[in-house]
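Hi everyone, thanks for coming. Today I'd like to walk you through a structure that may be new to you, so settle in and have a look at it with me.

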Amino acid sequence: MEVNTGTNKAVGLDFLTKKPYNPPSWATHLNPIPSDYFSLGHLPTPIHKWNLPNLPNNTEVWLKRDDLSGMQLSGNKVRKLEFLMADAVAKGADCIITIGGIQSNHCRATAVAAKYLNLDCYLILRTSKVLVDHDPGLTGNLLVERLVGAHVELISKEEYAKIGSVALTNILKEKLLNEGRRPYVIPVGGSNSLGTWGYIEAIQEIEQQLQTVPEKLKFDDIVVACGSGGTIAGLSLGSWLSSVKAKVHAFAVCDDPNYFFDYVQGLLDGLDARVDSRNIVNIINAKGLGYAINTTEELNFIKEIAATTGVILDPVYSGKAAYRFTNDIAENPKKWEGRKVLFIHTGGLLGLYDKVQQIDSSVGNWKRMEIHESVPRKEGIGKMF
Ligand SMILES: Cc1ncc(COP(=O)(O)O)c(C=O)c1O
(Lines give C-alpha, C1' and ligand atoms only; values in the text may rest on other atoms or scores of the structure.)
Protein backbone atom coordinates (compact mmCIF):
# COMPACT_ATOMS: atom_id res chain seq x y z
CA MET A 1 0.00 0.00 0.00
CA GLU A 2 1.30 3.45 -0.91
CA VAL A 3 0.08 6.28 1.24
CA ASN A 4 0.41 10.01 1.33
CA THR A 5 3.04 10.73 4.00
CA GLY A 6 1.92 14.21 4.91
CA THR A 7 -1.41 13.35 6.48
CA ASN A 8 -0.80 9.82 7.66
CA LYS A 9 2.48 10.48 9.47
CA ALA A 10 0.61 12.63 11.95
CA VAL A 11 -1.80 9.84 12.81
CA GLY A 12 0.82 7.08 12.75
CA LEU A 13 -0.62 5.18 9.82
CA ASP A 14 2.46 5.13 7.64
CA PHE A 15 4.39 2.41 9.51
CA LEU A 16 5.27 -0.51 7.19
CA THR A 17 4.02 1.29 4.09
CA LYS A 18 6.04 1.76 0.91
CA LYS A 19 6.65 5.32 -0.18
CA PRO A 20 8.31 7.06 -3.09
CA TYR A 21 11.71 8.41 -2.09
CA ASN A 22 12.92 11.95 -2.68
CA PRO A 23 16.52 12.62 -1.64
CA PRO A 24 17.61 15.72 0.28
CA SER A 25 18.24 18.69 -2.05
CA TRP A 26 21.99 18.43 -1.38
CA ALA A 27 22.10 14.75 -2.41
CA THR A 28 20.28 14.84 -5.74
CA HIS A 29 23.56 14.48 -7.69
CA LEU A 30 24.25 11.06 -6.15
CA ASN A 31 23.61 8.07 -8.36
CA PRO A 32 21.74 5.75 -8.18
CA ILE A 33 18.93 7.27 -6.09
CA PRO A 34 16.50 4.73 -4.64
CA SER A 35 12.96 5.02 -5.97
CA ASP A 36 11.13 3.79 -2.86
CA TYR A 37 11.54 2.96 0.78
CA PHE A 38 9.55 1.18 3.45
CA SER A 39 8.71 3.10 6.60
CA LEU A 40 10.17 0.75 9.23
CA GLY A 41 11.71 3.00 11.89
CA HIS A 42 10.08 5.22 14.47
CA LEU A 43 11.63 8.38 13.15
CA PRO A 44 12.79 11.03 13.87
CA THR A 45 14.64 9.69 16.88
CA PRO A 46 15.11 12.12 19.79
CA ILE A 47 18.22 14.21 20.44
CA HIS A 48 18.98 15.26 24.01
CA LYS A 49 21.87 16.48 26.10
CA TRP A 50 23.96 13.68 27.62
CA ASN A 51 25.46 14.62 30.95
CA LEU A 52 28.56 12.48 30.77
CA PRO A 53 30.78 12.79 33.85
CA ASN A 54 34.10 14.68 33.75
CA LEU A 55 33.62 16.70 30.56
CA PRO A 56 36.05 19.58 29.96
CA ASN A 57 34.84 23.17 30.32
CA ASN A 58 32.06 24.10 27.91
CA THR A 59 32.10 20.73 26.18
CA GLU A 60 28.60 19.58 25.39
CA VAL A 61 27.76 16.02 24.42
CA TRP A 62 24.36 15.38 22.90
CA LEU A 63 22.87 12.01 22.13
CA LYS A 64 20.92 10.97 19.04
CA ARG A 65 18.78 8.09 20.22
CA ASP A 66 18.78 5.71 17.29
CA ASP A 67 18.52 3.01 19.94
CA LEU A 68 14.92 4.24 20.18
CA SER A 69 14.15 3.74 16.49
CA GLY A 70 11.89 0.83 17.42
CA MET A 71 11.70 -2.24 19.62
CA GLN A 72 12.42 -5.44 17.68
CA LEU A 73 13.64 -3.26 14.82
CA SER A 74 15.69 -0.97 17.04
CA GLY A 75 19.05 0.62 16.25
CA ASN A 76 20.86 1.84 13.17
CA LYS A 77 20.02 -1.13 10.96
CA VAL A 78 16.41 -0.12 10.55
CA ARG A 79 17.43 2.97 8.57
CA LYS A 80 19.33 0.86 6.03
CA LEU A 81 16.59 -1.76 5.90
CA GLU A 82 14.03 0.87 4.86
CA PHE A 83 15.84 1.02 1.50
CA LEU A 84 17.07 -2.57 1.25
CA MET A 85 13.66 -4.10 1.91
CA ALA A 86 12.01 -1.85 -0.67
CA ASP A 87 14.55 -3.11 -3.21
CA ALA A 88 13.93 -6.74 -2.20
CA VAL A 89 10.17 -6.34 -2.64
CA ALA A 90 10.59 -4.45 -5.94
CA LYS A 91 12.74 -7.32 -7.23
CA GLY A 92 10.03 -9.84 -6.36
CA ALA A 93 11.96 -11.62 -3.59
CA ASP A 94 10.15 -14.18 -1.46
CA CYS A 95 12.93 -14.54 1.09
CA ILE A 96 15.91 -12.64 2.48
CA ILE A 97 19.39 -14.01 3.21
CA THR A 98 21.83 -12.19 5.43
CA ILE A 99 24.85 -12.96 7.56
CA GLY A 100 26.58 -11.82 10.76
CA GLY A 101 27.88 -12.71 14.20
CA ILE A 102 25.87 -14.91 16.55
CA GLN A 103 24.48 -11.80 18.31
CA SER A 104 24.15 -9.72 15.15
CA ASN A 105 21.70 -6.85 15.64
CA HIS A 106 21.53 -6.52 11.88
CA CYS A 107 20.38 -10.13 11.49
CA ARG A 108 17.73 -9.68 14.18
CA ALA A 109 16.41 -6.47 12.64
CA THR A 110 16.38 -8.09 9.17
CA ALA A 111 14.49 -11.13 10.47
CA VAL A 112 11.79 -8.88 11.97
CA ALA A 113 11.56 -6.56 8.95
CA ALA A 114 11.29 -9.57 6.63
CA LYS A 115 8.44 -11.05 8.62
CA TYR A 116 6.61 -7.70 8.75
CA LEU A 117 6.72 -7.71 4.95
CA ASN A 118 5.66 -11.35 4.72
CA LEU A 119 9.07 -12.59 3.56
CA ASP A 120 10.96 -15.62 4.82
CA CYS A 121 14.38 -14.98 6.36
CA TYR A 122 17.58 -17.05 6.34
CA LEU A 123 20.37 -16.04 8.70
CA ILE A 124 23.92 -17.35 8.51
CA LEU A 125 25.33 -16.81 12.01
CA ARG A 126 28.99 -17.06 12.96
CA THR A 127 29.89 -18.75 16.22
CA SER A 128 32.80 -20.56 17.82
CA LYS A 129 34.03 -23.94 16.62
CA VAL A 130 32.92 -25.62 19.83
CA LEU A 131 29.36 -24.27 19.60
CA VAL A 132 28.69 -24.61 15.86
CA ASP A 133 27.03 -28.04 16.12
CA HIS A 134 24.85 -27.13 19.07
CA ASP A 135 21.51 -25.39 19.53
CA PRO A 136 22.49 -21.70 19.74
CA GLY A 137 19.98 -21.00 22.51
CA LEU A 138 17.66 -18.05 22.97
CA THR A 139 19.88 -15.35 24.42
CA GLY A 140 19.47 -11.76 23.28
CA ASN A 141 18.99 -11.31 19.54
CA LEU A 142 18.57 -15.07 19.02
CA LEU A 143 15.31 -15.08 20.96
CA VAL A 144 13.76 -12.49 18.64
CA GLU A 145 15.12 -14.16 15.49
CA ARG A 146 13.81 -17.56 16.47
CA LEU A 147 10.46 -16.22 17.66
CA VAL A 148 9.83 -14.61 14.27
CA GLY A 149 10.73 -17.89 12.58
CA ALA A 150 14.03 -17.03 10.93
CA HIS A 151 15.96 -20.04 9.59
CA VAL A 152 19.28 -20.01 11.45
CA GLU A 153 22.30 -21.65 9.79
CA LEU A 154 25.42 -21.77 11.95
CA ILE A 155 28.98 -21.57 10.69
CA SER A 156 32.25 -21.44 12.59
CA LYS A 157 34.51 -18.37 12.75
CA GLU A 158 37.16 -20.42 10.96
CA GLU A 159 34.80 -21.26 8.08
CA TYR A 160 33.76 -17.62 7.87
CA ALA A 161 37.38 -16.46 7.75
CA LYS A 162 38.27 -19.08 5.12
CA ILE A 163 35.25 -18.74 2.80
CA GLY A 164 34.09 -15.15 3.41
CA SER A 165 30.60 -13.71 3.73
CA VAL A 166 29.98 -13.27 0.00
CA ALA A 167 30.67 -16.90 -0.91
CA LEU A 168 28.72 -18.14 2.11
CA THR A 169 25.59 -16.18 1.19
CA ASN A 170 26.02 -17.32 -2.44
CA ILE A 171 26.01 -20.98 -1.38
CA LEU A 172 22.69 -20.49 0.39
CA LYS A 173 21.33 -18.38 -2.46
CA GLU A 174 22.11 -21.15 -5.01
CA LYS A 175 20.47 -23.75 -2.79
CA LEU A 176 17.31 -21.68 -2.41
CA LEU A 177 17.20 -20.86 -6.14
CA ASN A 178 17.39 -24.59 -6.88
CA GLU A 179 14.41 -25.09 -4.58
CA GLY A 180 12.44 -22.57 -6.65
CA ARG A 181 12.73 -19.70 -4.17
CA ARG A 182 13.47 -16.03 -5.00
CA PRO A 183 16.13 -14.99 -2.48
CA TYR A 184 17.47 -11.44 -1.97
CA VAL A 185 20.88 -11.18 -0.31
CA ILE A 186 21.65 -8.36 2.12
CA PRO A 187 25.40 -8.08 2.84
CA VAL A 188 26.97 -7.96 6.32
CA GLY A 189 25.48 -5.09 8.33
CA GLY A 190 23.36 -3.97 5.37
CA SER A 191 26.43 -1.99 4.33
CA ASN A 192 26.20 -1.51 0.59
CA SER A 193 25.67 1.70 -1.36
CA LEU A 194 21.87 1.34 -1.24
CA GLY A 195 21.91 0.89 2.56
CA THR A 196 24.09 4.00 2.83
CA TRP A 197 21.00 6.10 2.05
CA GLY A 198 19.71 5.28 5.54
CA TYR A 199 22.29 7.53 7.18
CA ILE A 200 22.27 10.12 4.40
CA GLU A 201 18.60 10.47 5.38
CA ALA A 202 19.54 10.54 9.09
CA ILE A 203 21.65 13.62 8.40
CA GLN A 204 18.68 15.31 6.82
CA GLU A 205 16.69 14.38 9.92
CA ILE A 206 19.37 15.96 12.15
CA GLU A 207 19.47 19.05 9.92
CA GLN A 208 15.71 19.45 10.27
CA GLN A 209 15.84 18.87 14.03
CA LEU A 210 18.49 21.59 14.39
CA GLN A 211 16.29 24.01 12.49
CA THR A 212 13.50 23.60 15.06
CA VAL A 213 15.53 24.71 18.12
CA PRO A 214 14.95 28.40 18.88
CA GLU A 215 18.49 29.03 20.21
CA LYS A 216 21.08 28.24 17.54
CA LEU A 217 22.52 24.72 17.94
CA LYS A 218 25.29 23.48 15.69
CA PHE A 219 27.38 20.37 16.22
CA ASP A 220 31.14 20.49 15.71
CA ASP A 221 31.55 16.72 15.84
CA ILE A 222 29.58 13.54 15.30
CA VAL A 223 30.82 10.45 17.16
CA VAL A 224 29.63 6.95 16.27
CA ALA A 225 30.63 3.28 16.34
CA CYS A 226 31.66 1.55 13.14
CA GLY A 227 31.21 -2.19 12.50
CA SER A 228 30.68 -2.76 8.80
CA GLY A 229 31.01 0.81 7.51
CA GLY A 230 27.60 1.73 6.10
CA THR A 231 26.55 4.00 8.94
CA ILE A 232 29.70 6.12 8.79
CA ALA A 233 29.56 6.26 4.98
CA GLY A 234 26.09 7.82 5.09
CA LEU A 235 26.82 10.08 8.06
CA SER A 236 30.09 11.44 6.77
CA LEU A 237 28.85 11.98 3.21
CA GLY A 238 25.63 13.60 4.49
CA SER A 239 27.42 15.80 6.99
CA TRP A 240 29.89 16.89 4.28
CA LEU A 241 27.20 17.71 1.71
CA SER A 242 24.53 19.22 3.98
CA SER A 243 24.53 22.27 6.25
CA VAL A 244 25.40 20.02 9.24
CA LYS A 245 29.14 20.14 8.41
CA ALA A 246 30.19 18.34 11.60
CA LYS A 247 33.42 16.34 11.66
CA VAL A 248 32.57 12.61 11.84
CA HIS A 249 34.68 10.46 14.20
CA ALA A 250 34.11 6.74 13.68
CA PHE A 251 35.22 4.33 16.40
CA ALA A 252 35.92 1.01 14.68
CA VAL A 253 35.07 -2.05 16.78
CA CYS A 254 36.61 -4.56 14.36
CA ASP A 255 39.10 -4.72 11.48
CA ASP A 256 41.27 -1.58 11.27
CA PRO A 257 40.90 2.05 10.14
CA ASN A 258 42.61 1.53 6.76
CA TYR A 259 40.25 -1.29 5.91
CA PHE A 260 37.29 1.01 6.68
CA PHE A 261 38.66 3.98 4.71
CA ASP A 262 38.83 1.69 1.68
CA TYR A 263 35.48 0.03 2.30
CA VAL A 264 33.72 3.39 2.79
CA GLN A 265 35.42 4.63 -0.39
CA GLY A 266 33.78 1.76 -2.27
CA LEU A 267 30.37 2.72 -0.88
CA LEU A 268 30.90 6.37 -1.83
CA ASP A 269 32.08 5.42 -5.33
CA GLY A 270 28.98 3.25 -5.66
CA LEU A 271 26.95 6.46 -5.26
CA ASP A 272 29.17 8.43 -7.63
CA ALA A 273 29.85 10.79 -4.70
CA ARG A 274 33.28 11.90 -5.97
CA VAL A 275 34.74 12.46 -2.50
CA ASP A 276 37.68 10.88 -0.74
CA SER A 277 36.68 8.95 2.41
CA ARG A 278 39.91 10.13 4.09
CA ASN A 279 38.75 13.75 3.75
CA ILE A 280 35.32 13.30 5.29
CA VAL A 281 35.72 10.88 8.19
CA ASN A 282 38.21 10.29 10.98
CA ILE A 283 38.43 6.56 11.84
CA ILE A 284 39.82 5.50 15.21
CA ASN A 285 40.57 1.99 16.44
CA ALA A 286 38.23 1.00 19.30
CA LYS A 287 38.50 -2.76 18.91
CA GLY A 288 40.10 -3.42 22.29
CA LEU A 289 40.40 -7.17 22.90
CA GLY A 290 38.56 -7.97 19.65
CA TYR A 291 35.13 -7.87 18.04
CA ALA A 292 32.40 -8.50 20.63
CA ILE A 293 34.99 -9.27 23.33
CA ASN A 294 34.89 -6.95 26.33
CA THR A 295 37.31 -5.99 29.06
CA THR A 296 36.03 -5.60 32.60
CA GLU A 297 36.77 -1.86 32.30
CA GLU A 298 34.48 -1.54 29.27
CA LEU A 299 31.63 -3.34 31.03
CA ASN A 300 32.15 -1.29 34.20
CA PHE A 301 32.01 1.84 32.06
CA ILE A 302 28.66 0.74 30.56
CA LYS A 303 27.40 0.13 34.09
CA GLU A 304 28.61 3.53 35.30
CA ILE A 305 27.09 5.42 32.35
CA ALA A 306 23.77 3.64 32.87
CA ALA A 307 23.82 4.44 36.60
CA THR A 308 24.77 8.11 36.11
CA THR A 309 22.80 9.03 32.97
CA GLY A 310 20.11 6.35 32.54
CA VAL A 311 21.39 5.56 29.05
CA ILE A 312 22.21 1.92 28.41
CA LEU A 313 24.97 1.35 25.89
CA ASP A 314 25.50 -1.95 24.12
CA PRO A 315 28.76 -3.85 24.74
CA VAL A 316 29.81 -4.42 21.11
CA TYR A 317 29.34 -1.03 19.41
CA SER A 318 28.29 2.17 21.20
CA GLY A 319 29.69 0.93 24.55
CA LYS A 320 33.16 0.50 23.05
CA ALA A 321 32.91 3.72 21.03
CA ALA A 322 31.84 5.76 24.06
CA TYR A 323 34.53 4.12 26.20
CA ARG A 324 37.29 5.09 23.73
CA PHE A 325 35.73 8.52 23.14
CA THR A 326 35.61 9.38 26.86
CA ASN A 327 39.17 8.05 27.31
CA ASP A 328 40.27 10.37 24.52
CA ILE A 329 38.50 13.28 26.24
CA ALA A 330 40.33 12.43 29.49
CA GLU A 331 43.70 12.13 27.72
CA ASN A 332 43.27 15.16 25.43
CA PRO A 333 40.84 17.53 27.17
CA LYS A 334 42.05 20.55 25.17
CA LYS A 335 41.04 18.81 21.91
CA TRP A 336 37.40 18.57 23.02
CA GLU A 337 37.12 21.75 25.11
CA GLY A 338 34.22 23.98 24.07
CA ARG A 339 33.01 21.57 21.39
CA LYS A 340 29.45 20.46 20.79
CA VAL A 341 29.45 16.76 20.07
CA LEU A 342 26.59 14.60 18.81
CA PHE A 343 27.05 10.95 19.79
CA ILE A 344 24.86 8.60 17.75
CA HIS A 345 23.61 5.74 19.92
CA THR A 346 23.15 2.99 17.35
CA GLY A 347 21.27 0.56 19.62
CA GLY A 348 22.16 -3.08 20.27
CA LEU A 349 20.74 -3.45 23.78
CA LEU A 350 19.87 -7.13 23.20
CA GLY A 351 23.58 -7.89 22.85
CA LEU A 352 24.02 -7.01 26.51
CA TYR A 353 22.10 -10.16 27.50
CA ASP A 354 25.02 -12.15 26.14
CA LYS A 355 27.29 -10.50 28.73
CA VAL A 356 25.30 -11.00 31.93
CA GLN A 357 27.77 -13.52 33.32
CA GLN A 358 30.61 -11.05 32.80
CA ILE A 359 28.78 -8.15 34.40
CA ASP A 360 29.51 -8.63 38.07
CA SER A 361 26.94 -9.01 40.78
CA SER A 362 27.31 -5.41 41.90
CA VAL A 363 24.85 -4.34 39.20
CA GLY A 364 21.98 -2.84 41.19
CA ASN A 365 21.23 -3.49 44.82
CA TRP A 366 18.70 -5.92 46.05
CA LYS A 367 17.56 -7.28 49.35
CA ARG A 368 14.53 -8.98 50.72
CA MET A 369 12.01 -6.37 51.78
CA GLU A 370 11.59 -6.05 55.52
CA ILE A 371 7.97 -6.43 56.64
CA HIS A 372 6.93 -6.57 60.23
CA GLU A 373 4.70 -9.57 60.99
CA SER A 374 2.00 -7.37 62.55
CA VAL A 375 1.35 -5.18 59.46
CA PRO A 376 -2.44 -5.42 58.89
CA ARG A 377 -3.86 -6.04 55.38
CA LYS A 378 -5.54 -3.14 53.57
CA GLU A 379 -7.86 -3.64 50.59
CA GLY A 380 -6.76 -1.86 47.44
CA ILE A 381 -5.95 -2.14 43.83
CA GLY A 382 -3.68 -4.93 42.63
CA LYS A 383 -5.29 -8.16 43.77
CA MET A 384 -3.01 -10.36 41.77
CA PHE A 385 -4.06 -13.84 42.97
C1 LIG B 1 24.16 -1.71 17.46
C2 LIG B 1 25.07 -1.43 16.32
N3 LIG B 1 25.75 -0.29 16.31
C4 LIG B 1 26.62 0.01 15.32
C5 LIG B 1 26.85 -0.87 14.29
C6 LIG B 1 27.83 -0.49 13.24
O7 LIG B 1 27.19 0.00 12.10
P8 LIG B 1 27.80 -0.33 10.69
O9 LIG B 1 27.72 -1.80 10.53
O10 LIG B 1 26.94 0.39 9.73
O11 LIG B 1 29.19 0.15 10.69
C12 LIG B 1 26.15 -2.10 14.26
C13 LIG B 1 26.34 -3.12 13.22
O14 LIG B 1 27.38 -3.44 12.74
C15 LIG B 1 25.24 -2.37 15.30
O16 LIG B 1 24.54 -3.52 15.33
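Let's begin inside: which residues of the largest nonpolar core touch the most other members? They are Val224, Cys226 and Ala250, out of 94 residues in that core. Both domain 1 (5-75 + 192-355) and domain 2 (77-190) give residues to this core, so it lies between them. As general background, nonpolar side chains in soluble globular proteins tend to be buried together. Before I go further, please keep in mind that this is a predicted model.

Let me stay with alanine 250 for a moment. Leaving out residues up to four places away in sequence, alanine 250 touches Val224, Cys226, Ile232, Phe260, Val281, Asn282, Ile283 and Ile284. Val224 and Cys226 are in that list, and you have just met both as core residues that touch the most other members.

Now, the two domains. The domain assignment splits the chain into domain 1, made of 5-75 + 192-355, and domain 2, which is 77-190. Taken over C-alpha atoms, their centres are separated by 23 Å. Where they meet, 32 residues of domain 1 are in contact with 29 residues of domain 2. On the domain 1 side, strand E2 (36-38) and helix H7 (193-212) are the elements that give two or more residues. Helix H7 has the largest share there, with seven residues. As for chemistry, that side of domain 1 divides into 13 nonpolar, 15 polar and four charged residues.

Next comes the ligand. Where does it lie with respect to domain 1 and domain 2? Both domains give residues to the shell around the ligand, so it lies between them. There are 19 residues around the ligand, and those that come nearest are Asn105, Gly227, Tyr317, Thr346 and Gly348. Helix H3 (105-116), strand E9 (221-226) and helix H8 (230-241) are the elements that give two or more residues to this shell. The shell is made up of three nonpolar residues, 15 polar ones and one charged one.

Let's turn to what the UniProt record says; its entry here is unreviewed. UniProt lists residues 39-347 for "domain: Tryptophan synthase beta chain-like PALP". Over that stretch, 39-347, the chain is 44% helix and 18% strand, and the C-alpha atoms at its ends are 18 Å apart.

The record also picks out a lysine: UniProt lists Lys77 for "modified residue: N6-(pyridoxal phosphate)lysine" in the unreviewed entry. You'll find lysine 77 in helix H2 (residues 77-90). Is lysine 77 buried or exposed? Lysine 77 is buried, because 38 other C-beta atoms lie within 10 Å. Not counting residues up to four places away in sequence, lysine 77 touches Asn105, His106, Ala109 and Gly190. You may recognise Asn105 from a minute ago, as one of the residues that come nearest to the ligand.

Serine 104 is another position from the record, covered by the UniProt annotation "active site" in the unreviewed entry. Serine 104 sits in the loop between strand E5 (95-101) and H3. With 29 C-beta neighbours inside 10 Å, serine 104 counts as buried. Apart from its neighbours within four places in sequence, serine 104 is in contact with Leu125 and Asn141.

I'll end with a few backbone details. Which peptide bond has an omega near 5°? That is the one from asparagine 31 to proline 32, and it is cis. Proline 32 belongs to the loop between strand E1 (18-20) and E2. The peptide bond from leucine 43 to proline 44 is cis as well, with omega near 0°. Proline 44 is in the loop between E2 and strand E3 (47-49).

There are also positive phi values in residues other than glycine: asparagine 58 has a phi near 60°, and aspartate 272 has one near 55°. Asparagine 58 lies in the loop between E3 and strand E4 (60-65), whereas aspartate 272 is in the loop between helix H9 (257-269) and helix H10 (277-280). Asparagine 58 is exposed, with 10 other C-beta atoms within 10 Å. Aspartate 272 has 11 C-beta neighbours inside 10 Å, so it counts as exposed.

That's my tour, and I'm happy to go back to any part of it with you.

Note on methods: Residues numbered from 1 in each chain as written. Predicted model: local features only at pLDDT ≥ 70, side-chain atom pairs only at ≥ 80, totals over all residues. Near = placed C-beta within 6 Å. Helix = DSSP H or I, 4+ residues; strand = E, 2+ residues; numbered from the N terminus. Nonpolar A, V, L, I, M, F, W, Y, C, P; charged D, E, K, R; others polar. Domains from an automatic or database assignment. Contact = placed C-beta atoms within 7 Å. Core = buried A, V, L, I, M, F, W, Y, C linked by C-beta atoms within 7 Å. Buried ≥ 20, exposed ≤ 12 C-beta atoms within 10 Å, placed from the backbone. UniProt positions renumbered as here; feature names shortened; annotations may be inferred.
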